[in-house]
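Colleague: I want to go through this model with you. Take each label in turn and tell me what backs it.

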Amino acid sequence: MVMLNRIRVRHLLLTLTIALIATLIARYMSYSSILHGNARQTFFRYLTTTFRSIVTTPTIIMATSPTEATRPVIIVGSGLAGLAAAHEALRAGAAVVMLEQAAKPGGNSIKASSGINGAGTRFQKASGITNDSADLFRSDTIRSAGSRLQTRKEGGIDRASLVHALATHSASAIHWLADEIDVELPVVAALGGHSVARTHRGAGKVPPGAAIVSGLLQKLVRFPGFALHTSARVAQLHVDDKGNVRGVRYVRKSENGQNKPPGPPREREQKGEQIDVYGPVVFTAGGFAGDALGLLARYRPDLAGLPSTNEARPGPHGLLTNTRRSTTSGSSSSSGMAGVGAELVDMDSVQVHPTGFVDPRDANSPYKILAAEMLRGEGGILLSPQGRRFVNELERRDVVSEAIMALPPPVDDEEEEENGNRDPRQWDVALLLDPGAMDATAAHLSFYLFKGLVEKKKVKDLDPAVIEAVDRYAESVASGRGDDEFGRRTFGRWRLMPGEANREEEVCIGRVTPVVHFTMGGVAFDNKARVLRRAGEEGGALVPVPGLWAAGEITGGLHGDNRLGGSSLLECVVFGRVAGREAAEAAK
């Protein structure tokens, strides 16, 4: 007998509505120092629209039996990959149930601050950048990724097809965000490892990650078939006796944060106990850079003690790799609880970003706010404790991080290490921006200044060694040679001139250190976003897992040993959209 759990969103999502509005207000407060005029009005219009859309959404139908004909697409995670998948699934006519473990949507995507890559976009052409192409972007990605990507099919993964998809669909991803999601991205900057400027961001006061996530959420809540559940932890997958994924079981916290005893389906949903939902699954739950004591310690113990831009949480990979299940024998419609034996690839490839801010009020905090790469892309420079430049600031992230970590640690860190107590491991490097770079990054700097992570100083008040380094760099920029002593060829919006005439000018300076930022490894997948596992015994060919797709940082094999800045948001859009369309087709 078909069982349908018809849930009135107006009642079911009352708590969620209050929580979401509170989240949006909190987000507004976080950005209140950088939202002015039209930006503030736009934010409040978004807030009002979101509230109105949620409380007037009609009935959602959730499949609570594996035999039901009407099944939603189940999306695990609400970062950009999940939101892009949801949008495409909804456009294809499917219902979507999105499950987010955190108390608010957005994941790490909402914190992204440098932008999103696109090669051959109309925004590049409008900025006079006419020499970019998908082929050049693909070449930059392969070069950045190192030997793993150059081997093309190491471990049975068709890496070349993944990179091809990323680069080929990068321009359409930017145009989709602009034309369908109404997120304008007209500002284009150069980041490390890119041959040309191709990283897009908005011209307004809201950082690109927050702008994109908010724009998508605003679109999604208008669909009658969309349901978002926060504080909903996926505990297990439903897997039939053929190894096909049929759905998930999730646990939703009650109001007091505790799980309540089980009851009838509707009562369980309202109380937040264990809930089963059936349909094709898109996994977009993020990486393991915050799993310091788990997966990170297992695959990269050498990174122990480094601070991170990620909040502490276990990696979700075990849900997909565990192969234990119990099923009812002989029935293809039976459902057990299991992982699916997904293949893990490149798990030792962890990106250490060169610049996380050291908060002077809490210097030893293991959590750091990222100093966006676009700060260097727009002209910023890095200085050693002795006040000297020591690297091309627009080299690949791994190269810049290695250069910083080759510097001697601060004296107090050396003393702590001798005493067997050095946590976190960090360095004393200065990030300095001139007035031109400050103007180009004003929205970001307003936030950093508000948080006390940077300060403004006149050039005359800097240490003599720093003044000398600034003058030397300014001379390289002014010369027009396009190549300084460290091989830097682009200087962003730097306009400070060398010499005594600059001494009354203001610069912005803050302390930065390398941070664990992103994991390139994860579950193997293909260019249709299908999760892959080994067929038969160990060493068999990689084959798709029926009913399961993935996108974003949960996946591995695309970036090799080093990800280019701006490609994280891009892969979320490109492969998230693919996963949503594929899963929607499977749900029919």
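Colleague: Which residues does Ile 116 touch, leaving out those up to four places away in sequence?

Modeller: Ile 116 touches Ile 174, Leu 177, Leu 185, Arg 198, Thr 199, His 200, Ile 212, Gly 566, Leu 569, Leu 570 and Val 573. A contact here means heavy atoms within 4.5 Å. This is a predicted model: local features need pLDDT of at least 70, side-chain atom pairs count only at pLDDT 80 or more, and totals for chains, interfaces and linings use all residues. Residues are numbered from 1 along each chain as its sequence is written, and side-chain values use heavy atoms, with hydrogens and water left out.

Colleague: What is the mean pLDDT of the protein chain?

Modeller: The mean is 84, and 79% of the residues reach 70 or more. pLDDT is the predictor's confidence in each residue, from 0 to 100. Over residues 256-270 pLDDT stays under 50; the model has 25 contacts there beyond four places in sequence. Residues 324-335 are also below 50, with 35 contacts beyond near neighbours in sequence.

Colleague: What makes Ile 116 stand out in the largest nonpolar core?

Modeller: That core has 70 residues, and Ile 116 is among those that touch the most other members, with Val 73, Phe 226 and Phe 575. A nonpolar core is a set of buried Ala, Val, Leu, Ile, Met, Phe, Trp, Tyr and Cys residues joined through side-chain atoms within 4.5 Å. Helix α20 (residues 567-587) gives the largest share, 11 residues. Another core, of 35 residues, lies apart; Ala 372, Leu 375, Leu 382 and Leu 453 are among its members.

Colleague: Why is Ala 86 called buried?

Modeller: Its relative accessible area is 0%. Buried means under 20%, exposed over 50%, partly exposed in between, with a 1.4 Å probe and protein chains only. Ala 86 is therefore buried. Beyond four places in sequence, Ala 86 touches Ile 75, Val 96, Met 98, Leu 220 and Phe 226. Val 96 is 10 residues away in sequence, and the C-alpha atoms of the pair are 6.3 Å apart.

Colleague: Why is α4, the helix that holds Ala 86, called largely enclosed?

Modeller: Of its 12 residues, 11 are buried, so the rest of the structure largely encloses α4. Leu 80, Gly 82, His 87 and Glu 88 are among the buried ones. Helices are DSSP runs of H or I, at least four residues; strands are runs of E, at least two; both are numbered from the N terminus. Helix α4 (residues 80-91) reaches 16 Å between its first and last C-alpha, close to the 16 Å expected. The expected span is 1.5 Å times one less than the number of residues. Gly 93 follows α4, with a positive phi near 100°.

Colleague: How do you know that the span of helix α19 (residues 464-479) agrees with the expected one?

Modeller: Its 16 residues should span 22 Å at 1.5 Å a residue, and the end C-alpha atoms are 22 Å apart, so the two agree. The buried residues of α19 pack against β16 (381-383) and β17 (429-433). They include Val 466, Asp 471 and Tyr 473. Just after α19, Gly 480 has a positive phi of about 75°.

Colleague: What makes β5 (116-117) an edge strand?

Modeller: β5 pairs on one side only, as does β6 (187-189). Two strands pair if DSSP finds at least two bridges between them. β5 and β7 (residues 199-201) have two bridges and run antiparallel. Asn 117 stands opposite Thr 199. The open sheet has the order β5-β7-β6, with antiparallel pairing.

Colleague: Why does β14 have one side without a neighbour in its sheet?

Modeller: The open sheet runs β14-β20-β23, with mixed pairing. β14 (344-345) and β23 (555-556) each have a single partner strand, so one side of each is left without a neighbour. β14 pairs with β20 (residues 522-524) over two bridges, antiparallel. Val 345 stands opposite Gly 522.

Colleague: What makes β11 (residues 274-278) mostly covered?

Modeller: Four of its five residues are buried. Five bridges join β11 to β10 (residues 245-252), running antiparallel. Gln 274 is the bridge partner of Val 251.
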